[in-house]
Amino acid sequence: MEKKLEILESRKRLDQTLSLPDLVNEGSIASLVKEKYMQSSIGMDDDSIGKIVEIRTKEVTNFLDMLRSASKQENNTSSSPSNSCKDWKVKQDTDQLRVMYREGPHGSPYHTLLAEGFANGPMDVCLCVSWESTLYRKWWPQYSVPTFKIVVSSRLQKVQIGEEIFLMRMKVPWPVSDREVVLHYFEIEYFKEDLLLILIKSVKYFLLSLFIDFIL
């Protein structure tokens, strides 16, 4: 019971943080993303940084909208575009994990899945676990029946601190063959509220981009 109350309090604090102006206004989010890139030594000109900031800002904004829409209060009061889909439905809610899902836009065969978990540890430890992609197979849950495990997790390119491209290969239940995906990892901090956002998504046209880089 005590742990459940602690989790509810953590969720309440997260909801309050996500409603702050800095994380609602797209201009403020763009400033946070730009600061992230300006602090790094990625060696790009202002125009290139501007294009990347625009892309990352959209990704972070969409992610924050999804998190806000998962709270009961947001579902009841918000009229943002992210809530044009059906409301979230709770599939599982325990002391360790809450799993929610919702249907995509009308006519779409896709569903959105949201899993919330809690890590009992210092922020720096949690951050290091998250951004060390080569260690994913060390702590990611491994199942034998049915088979599901990460067999390869290797870094392909480090863009900057908190951003990299990596390869992940997973063994899944028979008769499906192993699955492989190239992922892009991006992390941004909002230390005013002890918030870390970590976005991981599949990379499109990675081989083409890599080929162009070699030519240049």
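Four charged residues, R11, D93, R98 and E116, are joined in a network of salt bridges, a salt bridge being a side-chain nitrogen of Lys or Arg within 4 Å of a carboxyl oxygen of Asp or Glu. The model in which this network appears is predicted, so that local features need pLDDT of at least 70 and side-chain atom pairs count only at pLDDT 80 or more, while totals for chains, interfaces and linings use all residues. Residues are numbered from 1 along each chain as its sequence is written, and side-chain values use heavy atoms, with hydrogens and water left out.

Within the network, the side chains of E116 and R98 meet in a salt bridge with an N to O distance of 2.9 Å. This pair links distant parts of the chain, since E116 belongs to strand β3 and R98 to strand β2, 18 residues apart. Both E116 and R98 are buried, where buried means under 20% relative accessible area, exposed means over 50%, and partly exposed lies in between (1.4 Å probe, protein chains only). By the rule given above, the count comes to 13 salt bridges.

Two further salt bridges connect other parts of the chain. K36 forms one with E187, the closest N and O atoms being 3.2 Å apart, and this pair joins helix α2, which holds K36, to strand β6, which holds E187, across 151 residues. K36 is buried, with a relative accessible area of 10%, and E187 is buried as well, at 0%. The other salt bridge brings together the side chains of D22 and K192, at 3.4 Å from N to O. Here D22 lies in the loop between α1 and α2 (26-38) and K192 in the loop between β6 and β7, 170 residues apart. D22 is partly exposed, with a relative accessible area of 23%, whereas K192 counts as exposed at 65%.

The protein chain as a whole comes to seven helices and seven strands; helices (H or I, at least four residues) and strands (E, at least two) are DSSP runs, numbered from the N terminus. From the N terminus on, the elements run α-α-α-α-β-β-β-α-α-β-β-β-β-α. Of the 216 residues of the chain, 30% count as buried. Among the contacts with a separation of 6 or more, residues 24 or more positions apart account for 38%, contact meaning heavy atoms within 4.5 Å.

Helix α1 (residues 2-18) has 17 residues, which at 1.5 Å a residue should span 24 Å, and its end C-alpha atoms, 25 Å apart, agree with this; the expected span is 1.5 Å times one less than the number of residues. The buried residues of α1 are I7, R11, T17 and L18. Seen down the helix axis, these buried residues fall within an arc of 120°, so they line one face of α1, the arc being that of the directions from the helix axis to the C-beta atoms. The face turned away from this buried side carries the exposed residues E2, E6 and E9. What covers the buried residues of α1 includes helix α3 together with β1 (89-93), β2 (97-103), β3 (111-117) and β7.

An open sheet of four strands has the order β4-β5-β6-β7, with antiparallel pairing, two strands being paired if DSSP finds at least two bridges between them. Strands β4 (149-160) and β7 (195-202) stand at the edges with a single partner strand each, so one side of each is left without a neighbour in the sheet. The twist averages 25° from one strand to the next. Strand β4 pairs with β5 (residues 163-171) in the antiparallel sense over nine bridges, and the bridge partner of S154 in β5 is L167. Helix α3 (residues 46-69) packs on the sheet, touching β5, β6 (179-190) and β7, and its direction makes about 110° with that of β7; axes are lines fitted to C-alpha atoms, for helices over the stretch in contact, and angles run from 0 to 180 degrees between N-to-C directions.

Some loops carry particular backbone features. A cis peptide bond, with omega about -10°, joins V145 and P146, and P146 lies in the loop between α6 (136-139) and β4. The peptide bond from W174 to P175 is cis, with omega near 15°, and P175 lies in the loop between β5 and β6. D194, in the loop between β6 and β7, has a positive phi of about 55° although it is not a glycine. This residue, D194, is partly exposed, with a relative accessible area of 45%.
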